[in-house]
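Hello,

Here is the structure I said I would pass on. My notes on it follow below.

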Amino acid sequence: MSDDKKKDLDTYERILLESKENLDRSHYLPEEQQKKIVQIGKNTARMTNIMITLACLLLIIPCATLATYLYYGFGGRADELIEVTGNTIYVTEPNVSIEEMDIEEEIGFFEMKILFDVYKKIGMEDYRVGSYDVDFTFDEARNPKKTMMVERPLAENPTAEEEILVHPKSNIPFYSLSQWKMLKGLPDGTVSELYISFTKTMKQEDIEQLLPNNVELRWIAVDTGVEEKMLDQSGSPVSPIGYPAQVDTTTWSPFNGRDKSNEEVFMDILRKLEKREDVAAKISRAKNLSLDERIAYIEQNGIHAYGAVVTGPTPELRKMEKIHEIHAMKVGEVKLWNWE
């Protein structure tokens with residue numbers, strides 16, 4: 001090979017080597033800068049994942065809320081649960097009513113909340129005595145949150161010793177004579193609510209004949225075969241059940257007297273509640289209704305009262321101490337005079 005060609009080849013190889021070195025240097029980054037680039041990549045990937053997750057959540061929440069609305073709206077589930085709740089109050093809470101037009105419902109994430117006030121008629125006026133907050137997960141009720149504004153609240157999960165309406169065959173768990181003394185000590189310018197228990201079971205019309213003229217019969221406690229011990233066949237405490245004695249002319253009340261008597265409406269309500277006894281039991285104070293057993297007893301023996309709730313001017317109520325058919329009495333709520 002000639003010297004010129006060899007010289008040119010050496011020059012070419014040197015140029016290639018320099019080009020390769022320059023290329024290697026152009027792709028080289030300091031280690032610190034490389035770590036920074038890697039961290040930026042990680043942060044970008046993390047942010048991307050967060051944004052995707054948020055987007056999914058923002059899509060899931062409205063879809064789930066819509067599904068919840070559809071669940072409670074389809075087939076009238078919300079209306080059914082509201083009706084069960086209201087009917088339970090009417091037949092398990094003595095002299096307590098609700099105004100269904102004021103019931104509020106809130107639909108949440110797979111749940112519904114209903115809120116309403118409860119009232120007692122004492123004398124001639126209805127008084128707001130508390131509020132209920134009932135939560136449902138789908139159609140499963142949770143124990144209601146209650147705020148009661150009464151002087152003598154009824155016991156939750158009551159035992160036989162805490163009952164205020166006493167069956168004729170039961171021992172009286174309180175000193176009834178002291179209750180009559182309390183009634184005598186109240187000012188004449190008041191109206192009162194009394195829980196009275198009878199020496200025998202009787203029909204509503206028989207009770208009405210016993211009462212003084214200015215005393216109103218408000219609620220009937222019905223004998224269902226378990227009231228002697230207030231235990232069902234399994235030995236579990238049960239809630240007293242009964243019905244309003246007076247027709248409620250408000251359109252939303254089931255006891256409005258349009259088509260059926262209050263006794264008939266009472267039996268209709270019990271049969272409806274039996275189908276959703278899981279919900280009704282949660283709403284009731286005793287958390288147990290044992291409706292199949294009690295409905296069967298009433299159907300066989302008829303509706304007879306062992307106790308009742310009455311209201312009126314305190315001086316008129318004192319006269320009831322002389323009624324031999326009353327063997328126990330407990331004072332309920334007392335208000336200033338409102339009797340006309």
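In the hairpin of β2 and β3, three residues lie between the strands, and F110 takes a positive phi near 60°. The model is a predicted one, so please read the values here as computed from it.

The two strands of this hairpin are β2, residues 104–107, and β3, residues 111–122. Their pairing is antiparallel and runs over four bridges. Within it, I107 of the hairpin stands opposite M112 in β3.

Strand β2 also matters for the next item, the charged surface. E99, D102, E104, E106, E125, D126 and E340 form a negative surface patch. At least two residues of this negative patch come from β2, and at least two from β4 (125–137). One of the patch members, E104, is located in strand β2. Is E104 buried, exposed or partly exposed? E104 is partly exposed, because its relative accessible area is 48%, and partly exposed covers the range between under 20% (buried) and over 50% (exposed).

There is a nonpolar patch on the surface as well. M47, I50 and M51 make it, and its area is about 290 Å². M47 is placed in helix α2, which spans residues 31–73. M47 has a relative accessible area of 48%, so it counts as partly exposed. That value is over the 30% which a residue needs to be part of a patch.

Regards

Conventions:
Residues are numbered from 1 along each chain as its sequence is written. This is a predicted model: local features need pLDDT of at least 70, side-chain atom pairs count only at pLDDT 80 or more; totals for chains, interfaces and linings use all residues. Side-chain values use heavy atoms; hydrogens and water are left out. Patches are made of residues with over 30% relative accessible area and no salt bridge: like charges are joined within 9 Å, nonpolar side chains (Val, Leu, Ile, Met, Phe, Trp, Tyr) within 5 Å. Accessible areas come from the Shrake-Rupley method with a 1.4 Å probe; for residues, only the protein chains shown count as cover. A salt bridge is a side-chain nitrogen of Lys or Arg within 4 Å of a carboxyl oxygen of Asp or Glu. Buried means under 20% relative accessible area, exposed over 50%, partly exposed in between (1.4 Å probe, protein chains only). Two strands pair if DSSP finds at least two bridges between them. Lys and Arg count as positive and Asp and Glu as negative; His and the chain ends are not counted. The place of a charge is taken as NZ of Lys, CZ of Arg, CG of Asp or CD of Glu.
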